[in-house]
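Student: I have a new structure open and I don't know how to read it yet. Could you walk me through it, one feature at a time?

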Amino acid sequence: MLKGKHILLGVTGGIAAYKTANLASMLVKQHADVHVIMTKNAQQIISPVVFEALTGNKVVDDVFCRDSGYQVAHIAMAQEADVVMIAPASANIIAKLANGIADDMLSTTMLAVTAPVYLVPAMNTHMLEHPATQANLARLKTYGYHMVEPASGFLACGDTGRGKMPEADELIEYLLYEAAYSKDLSGKKVLITAGPTREAVDPVRFLTNHSTGKMGYALAKNAARRGAQTVLVTGPVSLPAPLYTTVVPVTTAQEMYEAVDAHFDSQDLVIMSAAVADYRPRHVAAEKIKKKDSTSVLELERTADILANMSKRKNGQFLCGFSMETEHMLENSRAKLEKKNLDMIVANSLRMEGAGFGTDTNIITMITKNEVRQLEKMSKDAAAQAVFDEILRLL
Ligand code: CTP
């Protein structure tokens, strides 16, 4: 995803520097060309050899280094970067950047950088909350630096609090967002639903399904990375919120109905990938449960059809549904496309290995009025990319 992209990592002297090695490795796996500048203090924590072995590029730590491979290293490295991340960013580098100080390779290079910069502050809570650090961070924001908020937790110094560096899999999301995608959905408002819904039977039990939300979250991530203004209405799942996405958590089908309804008018496209529970216990049943009449526990009624309601209210929006079938996938999906008046339905068969709930892969078939396109087995991220490519083709 990052083929042909130059990523410059700045590593300063924080214990979390070891996590940056993992980040470098993940970036290389995404085919990025990764270059690393370390401060002298960073090298007390982790050897440059680690980064050199992982990236295949020489780590530069000195403005006057004669074997960096560059003619004027700090200018060349600044200019070739598509995006820069300083992780961990110590209080010292933050202070230097905020004041334009250029007294080592990293701070000097940073003055010449014109690409987007992500700072990942990581330090002891008191150092982070010191008014000097806070003032420097505030100033850097006005200079256009992007901040990755420090996490809270147990810190290397033994304290517990804010200042922990997020893990590499979280940090890479910012770099993918910045550099991996063309912003071909920019200006579009996209609403995606994901996950299962839950319908309470009583205060302890509920009806639900096996959806883990992976496909919907992959769609939301893809939309946001491609520049869409993205709203994700999600049932209960255990996935991290995608970056730059407005997440609206819901539990029941009715809550999902209301959340989608509230956002619908302003959207350009809506994708219902949630596995909405089709049935819920009847209200009367719940009353009977209270009276301990357990014979009525599973008296069910249908939940309101969210997508069908959207198609009635449609006002220029592109509507895409999902269908998960155990048999007659094409026929059943086509029938839903028609019945719910959709622009597209993405079908997958629960009978195929590598498709459906819980897996990281999917085998999707995109169906419109005039076309059927079956794709091979691919990651849910790649399937999400294919869905938006197809929608952009149809818009
Ligand atoms: N859907 C919805 N509201 C519901 C049920 C489903 O919006 N109450 C949406 C799903 O998110 C999906 C599409 O409708 O995008 C098809 O869902 P599915 O459950 O396969 O279809 P149903 O119409 O419920 O038909 P059935 O369950 O009988 O197969």
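**A guided first look**

Tutor: Let's start with a spot that is simple to find: H328 sits in the loop between β16 and α14. Keep in mind that this is a predicted model.

Student: Okay, what is the phi of H328 like, positive or negative?

Tutor: Here is the general idea. Most residues other than glycine have a negative phi, and most peptide bonds are trans. Now the case here: H328 is not a glycine, yet its phi is positive, about 50°.

Student: Where does Y244 lie, then, and what is its phi?

Tutor: Y244 is found in the loop between β11 (229–234) and β12 (245–249). Its phi is near 50°, again a positive value in a residue other than glycine. Y244 counts as partly exposed because its relative accessible area is 41%, and that class runs from 20% to 50%.

Student: You mentioned peptide bonds too. Is the one from A87 to P88 cis or trans?

Tutor: For that you read omega. The bond from A87 to P88 has omega near -5°, and it is cis. As for the location, P88 belongs to strand β3, residues 83–89.

Student: Let's zoom out. How many helices and strands does the protein have?

Tutor: There are 15 helices and 21 strands. The C-alpha trace spans about 75 × 50 × 40 Å along its principal axes. Of the 395 residues in the protein, 50% are buried.

Student: How do I read "buried" for one residue, say I7: why does it count as buried?

Tutor: You compare its relative accessible area with a cut-off: buried means under 20%. I7 is at 1%, so it counts as buried. This residue lies in strand β1, residues 6–11. Its C-alpha atom is separated by 16 Å from that of Y70, which is 63 residues apart from I7 along the chain.

Student: And what about I367, buried or exposed?

Tutor: I367 counts as buried because its relative accessibility is 0%. You'll find I367 in strand β19, residues 365–367. Try a distance here as well: I367 and S379 are twelve residues apart in sequence, and C-alpha to C-alpha they are 19 Å apart in space.

Student: Which residue should I look at for a separation of eleven residues along the chain?

Tutor: Take R198 and N209: their C-alpha atoms are separated by 8.1 Å. R198 is in the loop between β8 (189–194) and β9 (199–200). At 32% relative accessibility, R198 is therefore partly exposed.

Student: Can loops hold buried residues? What is the case of S211?

Tutor: S211 lies in the loop between β10 (206–207) and α10 (214–225). With a relative accessible area of 12%, S211 is buried. While you're there, look at its side chain: a polar atom of it lies 3.4 Å from the backbone nitrogen of G213.

Student: Now the ligand. How many residues surround it?

Tutor: A shell of 15 residues surrounds the ligand, and the closest are M272, D278, L307, K336 and K340. Sorted by character, the shell has seven nonpolar, two polar and six charged residues. At least two shell residues come from each of α13 (306–313), β16 (318–325) and α14 (329–339).

Student: Which atoms of the protein should I check around the ligand's oxygen and nitrogen atoms?

Tutor: Begin with A274, where a polar backbone atom is 2.8 Å from an oxygen atom of the ligand. Next is T303: an N or O atom in its side chain is 3.3 Å from a nitrogen atom of the ligand. Then there is A304, with a polar backbone atom 2.9 Å from a nitrogen atom of the ligand. As for cover, the ligand on its own has 570 Å² of accessible area, and the protein covers 81% of that. The space the ligand takes is the largest pocket.

Student: You listed K340 among the closest residues. Where is K340, and what does its side chain contact?

Tutor: K340 lies in the loop between α14 and β17 (344–349). Its relative accessible area is 16%, so K340 is buried. The side chain of K340 makes a polar contact with the side chain of D305, at 2.7 Å.

Note on methods. Residues numbered from 1 in each chain as written. Predicted model: local features only at pLDDT ≥ 70, side-chain atom pairs only at ≥ 80, totals over all residues. Heavy atoms only, no water. Near = heavy atom within 4 Å. Polar contact = N/O pair within 3.5 Å; in protein donor to acceptor, adjacent residues only side chain to side chain. Areas by Shrake-Rupley, 256 points an atom, 1.4 Å probe, with all protein chains shown as cover. 1 Å grid on protein atoms, 1.4 Å probe; cavity = no way out; pocket = protein on both sides within 12 Å on 5 of 7 lines; lining within 4 Å. Sits in = over half its atoms within 2 Å of the grid points. Helix = DSSP H or I, 4+ residues; strand = E, 2+ residues; numbered from the N terminus. Nonpolar A, V, L, I, M, F, W, Y, C, P; charged D, E, K, R; others polar. Buried < 20%, exposed > 50% of the residue type's maximum accessible area, 1.4 Å probe, protein only.
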